[in-house]
Amino acid sequence: MKIRSLLVACAAMALVSTAASAAIVTETFTGKATGFDTYGFFGAANNTLSNAAFTATYVFDTSNVGAGFGPGSPNIYGGSVYPLPDPLISAALVINGHTFSSSGSWSSQLMVRNFAAFDAYTFVGDASNRFFNTFILSTNANAPSPSSVNSPFSYSFQSGDFNNGIFVFDGEQLNLSSTTVTLAAAAPEPSTWAMMILGFAGVGFLAYRRKNKMALNAA
């Protein structure tokens with residue numbers, strides 16, 4: 001009985017862990033940055049960026065949201081400005097090998113939808129004058145149609161799309177023109193897979209033993 005209870009518990013824990021990890025999504029934009037880097041966040045101060053490659057990576061917990069939102073929603077947001085729970089786990093903007101991070105404590109938003117147009121938009125900010133956002137808006141027929149913020153997709157900028165995001169820090173402003181966007185769901189940790197396999201194998205073995213025992217009793 002103790003072994004059976006342990007195996008069932010392992011399976012249950014694995015399912016809970018898998019559900020939790022499924023709520024974590026990572027959205028990544030790549031593109032080109034232009035503008036005047038006054039404070040030297042991405043290299044030397046007072047330096048002009050001209051089509052410098054950037055990568056913006058956002059990690060969201062789509063379950064950490066206020067009432068009315070959830071994993072099935074195409075748009076989630078939060079932060080002290082609303083005020084609502086902040087779904088952002090981390091956000092990093094990398095240009096020229098230099099990383100600027102934001103907690104999104106003031107405001108964060110993840111939106112992926114395709115109603116009249118495909119719209120992948122993400123915003124994070126620590127204050128009203130310290131934020132960055134990236135997006136691609138497209139009316140192309142071959143653009144993705146994600147059903148929610150948990151729907152993985154990948155898309156590359158095409159002629160006619162809109163993609164003018166910005167980085168703002170006090171008086172500094174950079175233009176962020178996105179060329180690709182990818183949304184990926186988190187994969188369960190190896191330990192979670194091991195626990196799932198152990199639990200379900202154990203439950204299957206117990207069912208097999210019970211079936212054999214019933215067959216022997218019937219004989």
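## Asn133, a buried residue

A residue counts as buried when its relative accessible area is under 20%. In this predicted model, Asn133 has a relative accessibility of 9%, and therefore Asn133 counts as buried. Asn133 has its place in strand E8, which covers residues 130-138.

Once the neighbours within four places in sequence are left aside, the residues in contact with Asn133 are Tyr58, Tyr121, Thr122, Phe123, Gly165, Ile166 and Leu176.

## The largest nonpolar core

The largest nonpolar core has 34 residues, and the members that touch the most other members are Leu93, Ile95, Phe132 and Phe167. Strand E2, made of residues 47-61, gives the most to this core, with six residues.

What does Ile95 touch, if residues up to four places away in sequence are not counted? The list consists of Ala33, Phe42, Leu49, Ala52, Ala53, Phe54, Leu174 and Leu176. Leu176 is also among the residues in contact with Asn133.

## Glu27, a buried charge

Glu27 lies in strand E1, which spans residues 24-37. Although Glu27 is buried, it has no salt bridge, and the nearest side chain of opposite charge, that of Arg113, is 12 Å away. A salt bridge would need a side-chain nitrogen of Lys or Arg within 4 Å of a carboxyl oxygen of Asp or Glu.

The side chain of Glu27 does, however, make a polar contact with the side chain of Thr122, at 2.3 Å. Apart from neighbours within four places in sequence, Glu27 is in contact with a set of residues that includes Ala56, Thr57, Tyr58, Leu110 and Val112, and that also includes Ala120, Tyr121, Phe153 and Val181.

## Strands E9 and E11

Strand E9, residues 153-156, has two faces: Phe153 and Tyr155 form the covered face, while Ser154 and Ser156 form the uncovered one. Phe153, on the covered face, is among the residues in contact with Glu27.

E9 pairs with strand E11, residues 172-185, in the antiparallel sense over four bridges. Within E11, Val181 is the bridge partner of Tyr155, and Val181 is also one of the contacts of Glu27.

## Ser90, a partly exposed residue

Is Ser90, which lies in strand E4 (residues 88-95), buried or partly exposed? Because its relative accessible area is 32%, Ser90 is partly exposed, a class that lies between the limits of 20% and 50%.

Ser90 and Val59 are 31 residues apart along the chain, yet their C-alpha atoms are separated by 5.2 Å. Leaving aside neighbours within four places in sequence, Ser90 is in contact with Thr57, Tyr58, Val59 and Ser102.

Notes:
Residues are numbered from 1 along each chain as its sequence is written. This is a predicted model: local features need pLDDT of at least 70, side-chain atom pairs count only at pLDDT 80 or more; totals for chains, interfaces and linings use all residues. Side-chain values use heavy atoms; hydrogens and water are left out. Buried means under 20% relative accessible area, exposed over 50%, partly exposed in between (1.4 Å probe, protein chains only). Contact means heavy atoms within 4.5 Å. A nonpolar core is a set of buried Ala, Val, Leu, Ile, Met, Phe, Trp, Tyr and Cys residues joined through side-chain atoms within 4.5 Å. Lys and Arg count as positive and Asp and Glu as negative; His and the chain ends are not counted. A polar contact is a pair of N or O atoms within 3.5 Å; within protein, one must be able to donate a hydrogen and the other to accept it, and residues adjacent in sequence count only if both atoms are side-chain atoms. Two strands pair if DSSP finds at least two bridges between them.
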